[in-house]
Amino acid sequence: MEADLIEEIGRLLDYNSLRPTLPAGVIAAPQQNPARYTRQQLRSLLLGAGFSEVILPTFTAAEFAEPFGLKPSDHVRVANPLNSEQAFLRRSLIPGLVAAASRNAPSRETVRVFEFGTVFAPGPRGRAPEEEEKLAWVVVGTKAERLARGPIDLIAERFGLGRLDVRQRGSEAYFIAGQRVIARVQSLSPVVCATFKLRSAAATVVLDLPALIAARPGRQTFTLPSIHPHVERDLAFWLPTTVSYASVERALAKSSPLLATVVCLDVFEKGERRSVTVRLTYQASDRTLTSEEVDQLVAKATKTLVNTFHVEVRS
C-alpha cells in the first residue's frame with residue numbers, strides 16, 4: 001500500500017532528518033442554496049408575526065378541494081392508495097390549511113397557520129407529475145384579510161422588493177414585484193366558511209417561492225438609521241376604487257426625500273369611493289424636523305395626491 005511504502009522510505013531515511021510540514025489543502029465554501037435560505041427567512045418572519053407552522057399530509061381526497069374550485073381532474077391520482085381519503089396528491093395547500101384552522105378556531109379568537117409544501121399537477125401524458133413548492137398561510141378571525149396581508153409587506157421589505165403593486169380582481173388581490181406575481185390573497189366566501197364551520201371571516205395567501213427568489217435583487221443597500229427623532233402624521237382621504245394603493249405609496253414616496261415610511265392604517269369602501277388612512281413618518285439624518293417643516297411636507301404630499309389621483313381629503 002502507498003502508506004506502507006511512505007513509512008518504509010521514512011524509516012530508511014531516518015525520521016529525524018525529515019522537516020515537519022503541516023498538510024496543505026483548500027477548503028471550498030459551501031454551495032449557496034437560495035431556496036433554503038429564503039425558506040429560513042420566511043419562516044422566521046411568519047413565526048415573528050404570530051403564525052404557527054403546520055405540516056399536513058400530501059395525500060388527500062379530491063372532493064376535499066371542491067369548495068375551492070378544484071376538480072378531480074386537476075389532481076394526480078395515486079395508483080395504489082391506502083384509502084379513499086388519500087386517493088390523490090394535493091393540488092393546493094389551502095384546503096388542508098383551512099381544515100387545520102377550522103379545528104383550532106373554536107378555542108382561539110384568531111388562528112394564523114402556515115405551511116411550506118409541495119403541490120402536484122398532472123404532467124404531460126406518459127410523464128411524471130409536475131411538482132412545485134409553495135408557501136401558504138390562512139388567517140381566521142376579525143380583520144382576517146388585513147392580518148393575512150401584513151406578512152407580505154414584511155417580506156417585501158426584508159427581501160428588498162420595494163413597494164409592491166396590488167391588483168384587485170373580485171375577492172382576490174395580486175401582489176406584483178416587477179412583472180412577477182409573488183403572492184395572491186383571497187377572502188373565503190361565506191359558503192366555504194360554512195362548509196368548514198368557520199364562524200369568523202377567513203383569508204388565504206399563496207406565495208410563489210420561485211417568483212420571490214427571482215424578483216429578489218442580487219445586492220441590497222442599507223442606510224444608517226438617523227439619530228434624530230422622527231415625526232408621524234396621519235392622513236385620511238377618499239380614493240377612487242380604480243386607483244391602486246401601491247400607486248399612492250409610490251406617489252407619496254416621491255413627494256419628499258424626508259418621508260421615511262408610509263403605513264396603511266385603515267381601508268373601507270363606501271359606494272364608488274374608498275376611504276384610506278395612512279401614517280406618514282418623516283425623519284432627517286442631520287437635524288430634528290420642526291412642526292412647521294412637517295406641516296409643509298404633509299401639505300406637499302396632500303397636494304401630490306389631489307393633483308395626481310383627485311383624492312378628497314377627509315377632515
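Partly exposed covers relative accessible areas that are neither under 20%, which is buried, nor over 50%, which is exposed. Keep that handy for the exercises below, and bear in mind that this is a predicted model.

**Exercise 1.** Work out whether Val267 is buried, partly exposed or exposed, then place it in the structure.

*Solution.*
- Start with the number: Val267 has a relative accessible area of 44%.
- The cut-offs are under 20% for buried and over 50% for exposed, so Val267 counts as partly exposed.
- Next, find its home: Val267 sits in strand 12.
- Leaving out residues up to four places away in sequence, Val267 touches Arg274, Ser275 and Val276.
- For a long-range check, take Val26, which is 241 residues away along the chain: the two C-alpha atoms lie 58 Å apart.

**Exercise 2.** Do the same for Thr60: is it buried or exposed, and what does it touch?

*Solution.*
- Thr60 belongs to strand 2, residues 59–60.
- Its relative accessible area is 13%. Buried means under 20%, so Thr60 is buried.
- Skipping residues up to four places away in sequence, the contacts of Thr60 are Glu85, Gln86, Ala87, Phe88, Leu89 and Arg90.

**Exercise 3.** Find out how many residues of helix 7 are buried, and what they pack against.

*Solution.*
- Helix 7 spans residues 245–255, and 8 of its 11 residues are buried, so call it mostly covered.
- Among the buried ones are Tyr245, Val248, Glu249 and Leu252.
- Their packing partners, taking the buried residues of helix 7 together, include strand 7 (165–169), strand 11 (231–240) and helix 8 (291–309).
- Strand 12 (259–270), where Val267 sits, is also one of the partners of helix 7.

Methods: Residues are numbered from 1 along each chain as its sequence is written. This is a predicted model: local features need pLDDT of at least 70, side-chain atom pairs count only at pLDDT 80 or more; totals for chains, interfaces and linings use all residues. Side-chain values use heavy atoms; hydrogens and water are left out. Buried means under 20% relative accessible area, exposed over 50%, partly exposed in between (1.4 Å probe, protein chains only). Helices (H or I, at least four residues) and strands (E, at least two) are DSSP runs, numbered from the N terminus. Contact means heavy atoms within 4.5 Å.
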